[in-house]
Amino acid sequence: MILIYSLIILLFPFIISVNVLIYRAMVKKAIRKYIEPKLKEKGLLFINYKWPGLLSTGDFDNGWNITLNTGGNTSQSVYVYIYYEDSSGAKRITARIDTTLWFINSVTYSSEL
């Protein structure tokens, strides 16, 4: 019985760590492939990003969602605050990254850049 409790206690931090690593990898991939090119296209400078919080959707009004597609693949929306700079100073916008497993489907913004 002690062995089972020990395994549960050891697995819990491992599962959380894996989820954090997946989140960070997806955000960095989205920044590199989608967000930074979009900001450069608009003449803006990317500064940094920040996690908005657990179950937070940032500046979006809709709630946190995870859905099950008909093919059985889970899709999830990941939210991140993007800090950028334009001619008037630093600003923040929320990006929603729609993912299916390890793939990024789309990146949308809470307001126009």
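## Working through a predicted fold

Six residues, Val27, Ile35, Val80, Ile82, Ile97 and Val107, touch the most other members of the largest nonpolar core, a set of 17 residues. Keep in mind that this is a predicted model.

**Exercise 1. Find which elements give two or more residues to this core, and which gives the largest share.**

Step one: list the contributors. Helix H1 (2-41) is there, along with strand E3 (74-86), strand E4 (89-100) and strand E5 (103-109).

Step two: pick out the top one. That's H1, with seven residues.

Step three: zoom in on a well-connected member. Leaving out residues up to four places away in sequence, Ile35 touches Ala30, Ile82, Ala95, Val107 and Tyr109.

**Exercise 2. Lay out the overall architecture: how many helices and strands are there, and in what order do they run?**

Step one: count them. You get one helix and five strands.

Step two: walk from the N terminus. The order is α-β-β-β-β-β.

Step three: add the global numbers. The protein has 113 residues, and 27% of them count as buried. Its accessible surface is about 7,800 Å², with 61% of that belonging to carbon and sulfur atoms.

Step four: check the contact range. Take the contacts between residues at least 6 apart in sequence; 52% of them join residues at least 24 apart.

**Exercise 3. Decide whether Thr94 is buried or exposed, and say what its side chain contacts.**

Step one: place the residue. Thr94 sits in strand E4.

Step two: apply the cut-off. Buried means under 20% relative accessible area, and Thr94 comes in at 0%, so it counts as buried.

Step three: look for a polar partner. The side chain of Thr94 makes a polar contact with the side chain of Asp59, at 3.0 Å.

Step four: scan the other neighbours. Skipping residues up to four places away in sequence, Thr94 touches a list that includes Thr57, Gly58, Phe60, Tyr81 and Ser110.

**Exercise 4. Do the same for Thr57: where is it, is it buried or exposed, and which backbone oxygen lies 3.0 Å from a polar atom of its side chain?**

Step one: Thr57 belongs to the loop between strand E1 (45-50) and strand E2 (66-68).

Step two: its relative accessible area is 10%, so Thr57 is buried.

Step three: the oxygen in question is that of Phe60.

**Exercise 5. Contrast Ser88 with Ala95: which is buried and which is exposed?**

Step one: locate both. Ser88 lies in the loop between E3 and E4, while Ala95 is found in strand E4.

Step two: compare against the cut-offs. Exposed means over 50%; Ser88 has 56% relative accessibility, so it counts as exposed. Ala95 has a relative accessible area of 0%, so it is buried.

Step three: check the surroundings. The side chain of Ser88 makes a polar contact with the side chain of Asp86 at 3.0 Å. Ala95, not counting residues up to four places away in sequence, touches Ile35, Phe60, Val78 and Thr108, among others.

Step four: one distance to try yourself. The C-alpha atoms of Ala95 and Ser111 are separated by 9.0 Å, with the two residues 16 apart along the chain.

**Exercise 6. Hunt for ring interactions: which arginines sit over which rings?**

Step one: start with Tyr81. The charged end of Arg92 sits over its ring, 4.0 Å from the centre.

Step two: move to Phe60. Arg96 lies over its face, at 4.9 Å from the ring centre.

Step three: turn to ring-ring pairs. The structure holds one aromatic pair.

Terms used
Residues are numbered from 1 along each chain as its sequence is written. This is a predicted model: local features need pLDDT of at least 70, side-chain atom pairs count only at pLDDT 80 or more; totals for chains, interfaces and linings use all residues. Side-chain values use heavy atoms; hydrogens and water are left out. Rings of Phe, Tyr and Trp (its six-membered ring) pair if their centres lie within 6.5 Å; planes under 30 degrees apart count as stacked, over 60 as edge-to-face and the rest as tilted. A charge sits over a ring if NZ of Lys or CZ of Arg is within 6 Å of the ring centre and within 35 degrees of the ring normal. A nonpolar core is a set of buried Ala, Val, Leu, Ile, Met, Phe, Trp, Tyr and Cys residues joined through side-chain atoms within 4.5 Å. Buried means under 20% relative accessible area, exposed over 50%, partly exposed in between (1.4 Å probe, protein chains only). Helices (H or I, at least four residues) and strands (E, at least two) are DSSP runs, numbered from the N terminus. Contact means heavy atoms within 4.5 Å. A polar contact is a pair of N or O atoms within 3.5 Å; within protein, one must be able to donate a hydrogen and the other to accept it, and residues adjacent in sequence count only if both atoms are side-chain atoms. Accessible areas come from the Shrake-Rupley method with a 1.4 Å probe; for residues, only the protein chains shown count as cover.
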